[in-house]
Amino acid sequence: MKNIVIGRYIPGNSFLYKIDPRTKIIALIILMVAVFMLRSLIFMLAGLGLIMLLLAIGKISVKRVYLGLRPLMFLLIFTFSFQILFNTQGTQLIDVTLHYTVLTIPLIIALFFFWMYTKKIIRFKLLYFFFIVSLILSVLIFIDVGYTLNQGALTIYSQGLEMAFFIMLRLIIIVTLSTILTLTTKPTDLNLGLESVLKPLKIFRVNTEEIAMILAISLRYIPTLLDEANKIMLAQASRGVDFSEGKLKDKVMQIVSLLVPMFIISFKRSDELANAMEARSFVPGRNRTRLQTLHWSSLDTVALSIAFVALFTSIALRIFV
Amino acid sequence: MGIKFKRVEFKYQGFDEKGYLALSNINLTIKPQGEFITLIGETGSGKTTLVQHMNALLTPTSGEMDILGAIINQETIRKKSVKLNPIRQKVGLVFQFPEYQLFEETVEKDIIFGPKNYGVSETEAIQRAKELIKVVGLNESYLSRSPFNLSGGEKKRVSIAGILAMNPDILILDEPTSGLDPMGRDELLKVFFDIHQRLGKTVIIITHDMNTVFHYAKRVLVMRDSYLVYDGDPMNLFTKKNIEHWNLDIPDILKLTYQIEERLDVTFPTRPRNKEALLEMLKELEA
């Protein structure tokens, strides 16, 4: 629970912290567009290299970004295997027969259950998962003993492989970029920046200040609510709720015992927050003066120019290559 | 048996790699029966973390716990070789904030939630709820009310009843009397002391009230900066130790005794633990 990085700010003092939040938000949007402009895997790899470079210069540890990616691991693996299995364009790279025989099917089932029971003990769960998957595949490919029930084909096409890596890399880059933004920007600064970036929408009578406030408060309360959820889990565990085990009927009860206090506490917190804001004379929609104002520096101009260069490069690559 | 801490250390994992050290080198043995312990210390000194180890809610980062024969350390938790749920029935822990546990439609349902999780029949659990609601100082009419419409003190009492209903062998209370009026506080403390005396159970109370410590406790634990700095007799703590250093205060009855000694220019042979004892000593002095 505590490993969720989304929305967490971690203090630091690299140049990424000194850039104006407006610049960071605009640059994030520009870079995302640039990433979506890219067409081939090689450019995407180059993009990943640049992101790595950015992390290195910005002194952000890769481990932290990885923690931010971990909740998306399932999605990443899913899109990856989907592309590999079902994309049938390009040249055929691998074409092997899978033997579903009376021997291999029980073997696979045995392997699966072995994985189910041993995965709790193993430290490197992801690595272990890949290991088991490759073990299952090799059993299917190489063991052709016994009465054959069915035969399947595992065909991998060059385009499929390329697209699989391509889409996975694109997801990783986008999530990394947004993680960099939230890691290096204080929620208050993010709020200021968003408000300022959204200002043009005022022409369409959109209340940008309120939107920015809503976003900022939501971001601010993610870690708080996670802590609360953790405390509730401990309190209910003290009353015999076993969150790891139980039948379906018990599971429902477990979730209810978590959600009800969670809702009550959230309502209470928002009520308290509203009171605290009102006590400090906050009126929604009214113009407010600020303690901190945003300053545009030469660093911002440089950063934004680099972002634009990246965008134009990827547009050029799309048109000419 | 009982609860044993062996060189227990606990770190809250933060985002900086260091983490926050909440317990360091705790060695402690608590008997399964007949103890009445108070746990004191400044806020943030690790009291709550310590008691959350006692029913295996938290696992020591290093070191080992022995809770009623079950060994809890990183290894046994990772391998899932210990069953944690039975431990939590035997060692009941009441949290500081009742909001974290109340969730049912009625107080009665909330009180029977714990025992039902441990396989107590519904009728039996309801029977317990009816008794316990009186024990914690409310009446049966509360059983049909919603726990969310109660006052802070009433919620607290309901949450205590919810743990008592599980009939734990060892009862741990995290600041059970915070947010209660003085009368209610004394009433509840008497309840806990009664549970301890009548049933011989071990009771552990976290408190900031030195009078509670001095009046009831047979043994007092003092936490400071993640270390257990004192484990022993409360009389010895308040009369001999330099407790201002630990941000603790002297109990009222001792303050009064010291003032009387100063004003009357006498020295009492012993230190009184409650009003009655002080009165007794004054009568003796008069005679």
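Good morning. Read along its sequence, chain A follows the pattern α-α-α-α-α-β-α-α-β-α-α-α-α-α. In total, the secondary structure of chain A comes to 12 helices and two strands. I should say at the outset that what you see is a predicted model. Its scores are an ipTM of 0.87 and a pTM of 0.72. For chain B, the average pLDDT is 89, and 99% of the residues score at least 70.

Let me begin with the overall form of chain A. The C-alpha trace of chain A spans about 80 × 65 × 35 Å along its principal axes. For 321 residues, a compact globule would have a radius of gyration near 20 Å, but the value for chain A is 25 Å. Buried residues account for 18% of the 321 residues of chain A. Where contacts in chain A join residues at least 6 apart in sequence, 88% of them link residues at least 24 apart.

Within chain A, I would draw your attention to helix α8. This helix covers residues 158-184, which is 27 residues, and reaches 39 Å from its first C-alpha to its last, close to the 39 Å expected at 1.5 Å a residue. Which residues of α8(A) are buried? They are A:Gly160, A:Met163, A:Ala164, A:Phe166, A:Leu169, A:Ile173, A:Thr176, A:Thr179, A:Ile180, A:Thr182, A:Leu183 and A:Thr184. The elements against which these buried residues pack are α1 (15-18), α2 (21-37), α3 (41-57), α4 (62-69), α5 (73-86) and β2 (148-157), again of chain A.

A contrasting case in chain A is A:Ile255, which lies in helix α11, residues 248-279. Is A:Ile255 buried or exposed? A:Ile255 counts as exposed, because it has 12 C-beta neighbours inside 10 Å. From A:Ile255 to A:Gly58 the separation is 197 residues in sequence and 41 Å in space, C-alpha to C-alpha.

I turn now to chain B. Its secondary structure comes to 11 helices and 10 strands. The globule rule gives 19 Å for 287 residues, and the radius of gyration of chain B is 20 Å, close to that value, so chain B is as compact as a globular protein of that length. Taken along the principal axes, the C-alpha atoms of chain B fill a box of roughly 60 × 50 × 35 Å. Of the 287 residues in chain B, 41% are buried. Among contacts in chain B with a separation of 6 or more, 64% come from residues 24 or more positions apart.

Two places in chain B deserve a closer look. One is B:Ile3, which belongs to strand β1, residues 3-12. B:Ile3 is buried because 23 other C-beta atoms lie within 10 Å, where 20 or more are required. Leaving aside neighbours within four places in sequence, B:Ile3 is in contact with B:Ile30, B:Met54 and B:Ile67. B:Ile3 and B:Lys201 are 198 residues apart in sequence, and their C-alpha atoms are 13 Å apart in space.

The other is helix α11 of chain B, residues 275-286. Its 12 residues should span 16 Å at 1.5 Å a residue, and the end C-alpha atoms are indeed 16 Å apart, which agrees. How many of the 12 residues of α11(B) are buried? The count is zero, and this helix is hardly covered.

Next, the nonpolar cores. The largest has 78 residues, and those with the most contacts inside it are B:Leu39, B:Ala161, B:Ala165 and B:Ile172. Helix α6 of chain B, residues 152-164, gives the most to this core, with five residues. Not counting residues up to four places away in sequence, B:Ala165 touches B:Ile111, B:Ile112, B:Gly114, B:Pro115, B:Ala125, B:Arg128, B:Ala129 and B:Leu132. Apart from this core lies another, of 20 residues, including A:Ile19, A:Leu31, A:Ile60 and A:Ile180. A:Ile180 has already appeared among the buried residues of α8(A).

Finally, how do the chains meet? In the interface, 22 residues of chain A are in contact with 25 residues of chain B. On the side of chain A that touches chain B, the elements giving two or more residues are α10 (208-237) and α11 of chain A. That side is made up of 12 nonpolar, four polar and six charged residues. Helix α11 of chain A is also where A:Ile255 lies. Thank you for your attention.

Definitions and conventions: Residues are numbered from 1 along each chain as its sequence is written. Chains are lettered from A and ligands numbered from 1 in the order in which they are written. This is a predicted model: local features need pLDDT of at least 70, side-chain atom pairs count only at pLDDT 80 or more; totals for chains, interfaces and linings use all residues. Helices (H or I, at least four residues) and strands (E, at least two) are DSSP runs, numbered from the N terminus. The expected span of a helix is 1.5 Å times one less than its number of residues. Two residues are in contact if their C-beta atoms, placed from the backbone, lie within 7 Å. Ala, Val, Leu, Ile, Met, Phe, Trp, Tyr, Cys and Pro count as nonpolar, Asp, Glu, Lys and Arg as charged, and the others, Gly among them, as polar. A nonpolar core is a set of buried Ala, Val, Leu, Ile, Met, Phe, Trp, Tyr and Cys residues joined through C-beta atoms within 7 Å. pLDDT is the predictor's confidence in each residue, from 0 to 100. The radius of gyration is taken over C-alpha atoms; the globule rule is 2.2 Å times the number of residues to the power 0.38.
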